[in-house]
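Here are my notes on the model, set out as numbered points. Please read them with the coordinates open.

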Amino acid sequence: KNTRIRFVTEGVLVRQLVHDPFLDGVGAVCLDEFHERHLEGDLALAMLAEARATVRPDLRLCVMSATLDPAPLLAFLPGAVTIEADGRLFPVQVRNLERSAQDPLDLTVRHAVEQALQDTEGDVLVFLPGTGEIQRCEGTLQPLVRTHGVLVLPLHGRLDPAEQDRAIRPQDRRKVVLSTNVAESSLTIPGVTAVVDSGLARELRFDRGRGVDILQLEKISLASATQRAGRAGRTGPGVCYRLWTAIEERSMPQRTLPEVQRIDLCGPSLLVRAFAGRDPAQFGWFEAPPAEALAAADRLLEMLGAIDLRTGALLP
């Protein structure tokens, strides 16, 4: 009864570690959905590993994921063990629907949603890469509102909480939820028996020419496809309609490239210096970022007056 469980984002945890590397009062930390490989998640793991190795050997650490390869973590964390916890799994039938590059995405989605409404009895979850595609599909699916009596509801981070709740909570009729990858692992929508997967997502990439992170449209990984398909089988048997062919699937990457390998490292480099008091190139990363990216981040930090590269010290 005296234990408190705090649910925080990875970014909040990283800043707590920078402020208090000892994590006073904390007995255990659990990093969930680690397969997403957010940069803050990688930073948190590396900082926690260093804290355990230096000042908090008693700190318990748990890294969780449904699709994670445990081998790299076992090598990174001395003495770590693997615990498998199988939940109740329902079968999900996967169907590949061929889509030509010339076919508009919204029309292909409408065809797949119509098929899902005929083949299943529950709600339909559609994965789309961004808000622009969601808005176009929302308009294209309006005839289904009249013919099938369904609700077509968007779900993405820009919506206010009430609109997000409307998409997540059960309604008085069937609904078609048009979502970004926020519904891939961050939340569960009860009643979904069919998933329509566009196979696309927008990922941050560092544009060295402009010196900023930009969103690029990319194919998802096989791990993400597996995660998305599983959303159709959370409460009963389901069907996943993939808008790509089985042949195209052979060229899809096994896993999503971690953010530490593809986005700007200026902020993370500053956090590492504040936490560890040394060059980020000498920090114990779970997966070391490219050396040239770290060097570019340091040059920018020096130009901004944040660090002194000669001494490695943070400047006030």
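1. Strands E4 (123-127) and E7 (192-197) pair in the parallel sense over 5 bridges, where pairing requires that DSSP finds at least two bridges between two strands; helices (H or I, at least four residues) and strands (E, at least two) are DSSP runs, numbered from the N terminus. Phenylalanine 127 has aspartate 197 in E7 as its bridge partner. On another register of the same topic, E7 pairs with E10 (238-242), again in the parallel sense, over 4 bridges, and there alanine 194 has valine 239 of E10 as its bridge partner.

2. The model is a predicted one, in which local features need pLDDT of at least 70 and side-chain atom pairs count only at pLDDT 80 or more, while totals for chains, interfaces and linings use all residues. Residues are numbered from 1 along each chain as its sequence is written, and side-chain values use heavy atoms, with hydrogens and water left out.

3. E4 is also joined to E6 (residues 175-179) by 4 bridges, the two strands running parallel, and valine 124 stands opposite valine 176 in E6. The resulting open sheet has 6 strands in the order E3-E10-E7-E4-E6-E5, with parallel pairing. Its edge strands are E3 and E5 (151-155), each of which pairs on one side only. Neighbouring strands of this sheet are turned by 20° against each other on average, direction ignored; the axes behind such angles are lines fitted to C-alpha atoms, for helices over the stretch in contact, and angles run from 0 to 180 degrees between N-to-C directions.

4. Which helix lies across E3, E4, E7 and E10? It is H9 (residues 222-230), which runs at about 140° to E10. Within H9, Ala223, Ser224, Ala225, Gln227, Arg228 and Ala229 are buried, buried meaning under 20% relative accessible area, exposed over 50% and partly exposed in between (1.4 Å probe, protein chains only). The elements that cover these buried residues of H9 include strands E3 (92-96), E4, E7, E8 (200-207) and E10, together with helix H8 (182-185); contact here means heavy atoms within 4.5 Å. E7 itself is mostly covered, as 6 of its 6 residues are buried.

5. Helix H7 (residues 161-168) lies across E5 and E6 and runs at about 130° to E5. Proline 161 belongs to this helix and is exposed, because its relative accessible area is 59%. The C-alpha atoms of proline 161 and glutamine 118, which are 43 residues apart along the chain, are separated by 31 Å.

6. Alanine 293, in helix H12 (residues 291-303), counts as buried because its relative accessibility is 11%. Not counting residues up to four places away in sequence, alanine 293 touches Arg208 and Leu265.

7. Two backbone values deserve a look. Most residues other than glycine have a negative phi. Leucine 23, however, has a positive phi of about 50°; this residue is found in the loop between helix H1 (10-19) and strand E1 (28-31), and it counts as buried because its relative accessibility is 1%. Glutamate 33 likewise has a positive phi of about 50° although it is not a glycine; glutamate 33 lies in the loop between E1 and helix H2 (39-54) and is buried, with a relative accessible area of 19%.

8. The second largest pocket holds about 1,400 Å³ of space. On a 1 Å grid over the protein atoms alone, a pocket is an open set of points where a 1.4 Å probe fits, with protein on both sides within 12 Å along at least five of seven lines, and lining residues have an atom within 4 Å of a point. Of its 39 lining residues, Met64, Ser65, Ala66, Thr67 and Ala85 lie nearest the centre, and the elements that give two or more residues to the lining are strand E2 (60-63), helix H3 (71-76) and H9. The lining divides into 19 nonpolar, 10 polar and 10 charged residues, with Ala, Val, Leu, Ile, Met, Phe, Trp, Tyr, Cys and Pro counted as nonpolar, Asp, Glu, Lys and Arg as charged, and the others, Gly among them, as polar.

9. As for the whole, the protein has 12 helices and 12 strands, and buried residues make up 43% of its 316 residues.

Definitions and conventions: Grid points are joined across faces, edges and corners, and a volume is the space filled by probe spheres set on the points.
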